[in-house]
Amino acid sequence: MNYRMVFYVLGRLMAAIGALMALPTVCAIFYRESVLPFIIPMAVAFLFGILLSFKKPKNNRFLARDGFVGVGLSWITVSLIGCLPYIISGAIPSFADAFFETVSGFTTTGASVIADIEAQAKSILFWRCFTHWIGGMGVLVFILAILPRSDIKNSNLMHLMKAEVPGPTVGKLVSKIADTARVLYGIYIALTLLEFLFLVFGEMDVFEAITHSFSTAGTGGFGVKNDSLASYSAYSQYVVAVFMLLFGTNLNIFFLIITGHFIRAVKSEELRWYFCIVTAAVAGIFISVGLQTAFTEGAFRHSFFQVASIISTTGFYSADFELWPVITHVIILILMFCGGCAGSTAGGIKISRIMLLLKNGKREVRYIAHPRAMISVKLEGKTVDHDTIRGTTSYIIVFIALLVSSVLAVIAIEGCDLITGFTSVSTCLNNVGPGLGEVGPTDSFGTLANPTKLILCFDMLAGRLELFPMLMLFSPSAWKHHS
């Protein structure tokens, strides 16, 4: 591993996180709150950032394993820095709790240990939601967008991009990786601003609109009220629901639309699957809830909102869905694992992987019937190579192994029921937020034991980084030095 280059990137990242803490500092000044919870972490981040990146290494070669290890270390580092405001302010004095809250923020999970959110300082609430926005696109993608072109070779930047951007494949929108990162961030910022304007037009004030836009953009789920969005108007709930679906869409689709390739965008196979799943889920939940209560506009709105929230892995809620019929819980669990599109800010397994698995299964069935036939798997009209299919299969196997082992560990530590143990791990591994049982939408993760929280922190990081960057940290071969 090229240690100097990895530490150089870490240094640039720490300096960037320190600079980003200026925003919650301004918020603290505006609301006349203490700025120390942000000034001290800023100083720490800048100090270590300068020390690590003061001199650019002569050898800027970056192998694939360097990218995976670098990304894993980067997310742990920003989480350690990001938890300091909670500890210093006293909002979350426990390190385990503060680290859990920060990891949940940066990984856009939205699982919280805070029982009374409305009792927190405005600047702390701003920082919670802002961590969603930072982590939504990826902390390293942000660095790629601001790094000078000469810092890392373009061919080596792809290793960082592949390790952090969700999905079975990663491509360039334009010729340079750094330019691709800038294009993606431009789309990300534009959509965030658009949602902010729609929310301000409703009953939300500027602070509420900003924080909810941050959380929606990152598909995170942190809010500023104890009941999430349940007490907001139907207008605000519809706006947030629509934007949750938009941010769960591959950002490349918006690039195609902007560049005039509208037909290519609407013909996206993954996009069609995405909205077909959403439509079917909304219909299923609406019928189930309607039969239990009544077929009202409110029943449809809550069904639509919850489907948008879960499939995009945002985690907001407009109603306590634990009170809904059991069949709706099954649909929600399926959506939780399904997740959004590849190349979006959503978590979960991703629509494209599910498409590949189903198509590969269909191919195997046809191959059994016709052993001599040459049958290929196609995605978006293109033949999928064997490495991509192998990688997707390997991902699912590792995903299931991590899910099962984490569930067993959580149940052993907590002594909880299967529903609580299974959904607490599932919601963290898929970066969703609310689960069922003792970790339902109206409950807090704060009652869990510290070892359980650390297990769930690892699951959140592994889920956000597509498993392998975190698992690579435990591989001795990944740490071997190369010239």
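A nonpolar core is a set of buried Ala, Val, Leu, Ile, Met, Phe, Trp, Tyr and Cys residues joined through side-chain atoms within 4.5 Å. In this predicted model, the largest such core has 121 residues. The briefing below treats that core, the crossing of helices H12 and H16, helix H11, and two loop residues with positive phi.

**Nonpolar core**

- Ile17, Phe100, Trp127, Phe130, Phe445 and Leu456 are the residues with the most contacts inside the largest core.
- Helix H7, residues 122-137, supplies the largest share of this core, with nine residues.
- Leu456 touches Phe100, Val410, Ser424, Val425, Cys428, Phe445 and Leu448, when residues up to four places away in sequence are not counted.
- In soluble globular proteins, nonpolar side chains tend to be buried together.

**Crossing of H12 and H16**

- The axes of helix H12 (residues 234-247) and helix H16 (residues 297-311) come within 8 Å and cross at roughly 30 degrees.
- The crossing of these two helices is left-handed.
- On the H12 side, the contact is formed by Ala234, Gln237, Tyr238, Val240, Ala241, Val242, Met244 and Leu245.
- On the H16 side, the contributing residues are Glu297, Phe300, Arg301, His302, Phe304, Phe305, Ala308, Ser309 and Ile311.
- Classified by residue type, the contact of H12 with H16 contains twelve nonpolar, three polar and two charged residues.

**Helix H11**

- Helix H11 comprises twelve residues, 206-217, and at 1.5 Å a residue it should span 16 Å. The C-alpha atoms at its ends are 16 Å apart, which agrees with that expectation.
- H11 is mostly covered, since ten of its twelve residues are buried.
- The buried residues of H11 are Phe207, Glu208, Ala209, Thr211, His212, Ser213, Phe214, Ser215, Thr216 and Ala217.

**Loop residues with positive phi**

- Most residues other than glycine have a negative phi.
- Thr219, although not a glycine, has a positive phi of about 45 degrees. Thr219 is located in the loop between H11 and H12.
- The relative accessible area of Thr219 is 0%; because buried means under 20%, Thr219 is counted as buried.
- Asn431, also a residue other than glycine, has a positive phi near 60 degrees. Asn431 lies in the loop between helix H20 (418-429) and helix H21 (450-464).
- With a relative accessibility of 1%, Asn431 likewise counts as buried.

Key. Residues are numbered from 1 along each chain as its sequence is written. This is a predicted model: local features need pLDDT of at least 70, side-chain atom pairs count only at pLDDT 80 or more; totals for chains, interfaces and linings use all residues. Side-chain values use heavy atoms; hydrogens and water are left out. Buried means under 20% relative accessible area, exposed over 50%, partly exposed in between (1.4 Å probe, protein chains only). Helices (H or I, at least four residues) and strands (E, at least two) are DSSP runs, numbered from the N terminus. Contact means heavy atoms within 4.5 Å. Axes are lines fitted to C-alpha atoms, for helices over the stretch in contact, and angles run from 0 to 180 degrees between N-to-C directions. A crossing is left-handed if the near helix is turned anticlockwise from the far one by less than a right angle, and right-handed if clockwise. Ala, Val, Leu, Ile, Met, Phe, Trp, Tyr, Cys and Pro count as nonpolar, Asp, Glu, Lys and Arg as charged, and the others, Gly among them, as polar. The expected span of a helix is 1.5 Å times one less than its number of residues.
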